[in-house]
Amino acid sequence: MDEIKGYLSIITILLGIQTLNAVSDNTSSLFTEVGAALSILVILLVPIFLLGKAVYSKLR
């Protein structure tokens, strides 16, 4: 369960970065591109990883 809390905290931080990008007009383009790319990758890959981990543990 502690592992899932870590993943959820990472997702929360990255969603905060996305919110900052959407709201603030003063963010640099590099921050916008890097923040958006990291956020999208993590938000898409972490649920897939957790699902795979849950399925793998059921098969063992």
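Burial is scarce here: of the 60 residues of the protein chain, 12% count as buried, where buried means under 20% relative accessible area, exposed means over 50%, and partly exposed covers what lies in between (1.4 Å probe, protein chains only). The model is a predicted one, with local features needing pLDDT of at least 70, side-chain atom pairs counted only at pLDDT 80 or more, and totals for chains, interfaces and linings using all residues. Residues are numbered from 1 along each chain as its sequence is written, and side-chain values use heavy atoms, with hydrogens and water left out.

The protein chain has 2 helices and 0 strands; these are DSSP runs numbered from the N terminus, H or I of at least four residues for helices and E of at least two for strands. With a radius of gyration of 15 Å, well over the 10 Å that the globule rule gives for 60 residues, the chain is more spread out than a compact globule. That radius is taken over C-alpha atoms, and the rule is 2.2 Å times the number of residues to the power 0.38. Along the principal axes, the C-alpha atoms fill a box of roughly 50 × 20 × 10 Å.

On the surface side, the protein chain exposes about 4900 Å², and carbon and sulfur atoms supply 72% of that; the areas come from the Shrake-Rupley method with a 1.4 Å probe, and for residues only the protein chains shown count as cover. As for charge, the mean positions of the 4 positive and 4 negative charges sit 22 Å apart. Lys and Arg count as positive and Asp and Glu as negative, while His and the chain ends are not counted; each charge is placed at NZ of Lys, CZ of Arg, CG of Asp or CD of Glu.

Helix 1 spans residues 2–23 and takes in glutamate 3, which is partly exposed at a relative accessible area of 42%. The C-alpha atoms of glutamate 3 and leucine 50 are separated by 9.9 Å, with their positions 47 residues apart along the chain. Threonine 19 also belongs to helix 1 and is partly exposed, at 47% relative accessibility. From threonine 19 to leucine 50, the C-alpha distance is 24 Å and the sequence separation 31 residues. A polar atom of the threonine 19 side chain lies 2.9 Å from the backbone oxygen of leucine 15.

Helix 2 (residues 29–59) has 31 residues and reaches 45 Å from its first C-alpha to its last, close to the 45 Å expected at 1.5 Å a residue, the expected span being 1.5 Å times one less than the number of residues. Gly35, Ser39 and Val46 are buried in helix 2. Leucine 44 sits in this helix too, but is exposed at 54%; its C-alpha is 18 Å from that of asparagine 21, 23 residues away along the chain. After helix 2 comes the segment holding arginine 60, exposed at 75% relative accessibility. The C-alpha atoms of arginine 60 and leucine 20 are 42 Å apart, at a separation of 40 residues along the chain.

Definitions and conventions
A polar contact is a pair of N or O atoms within 3.5 Å; within protein, one must be able to donate a hydrogen and the other to accept it, and residues adjacent in sequence count only if both atoms are side-chain atoms.
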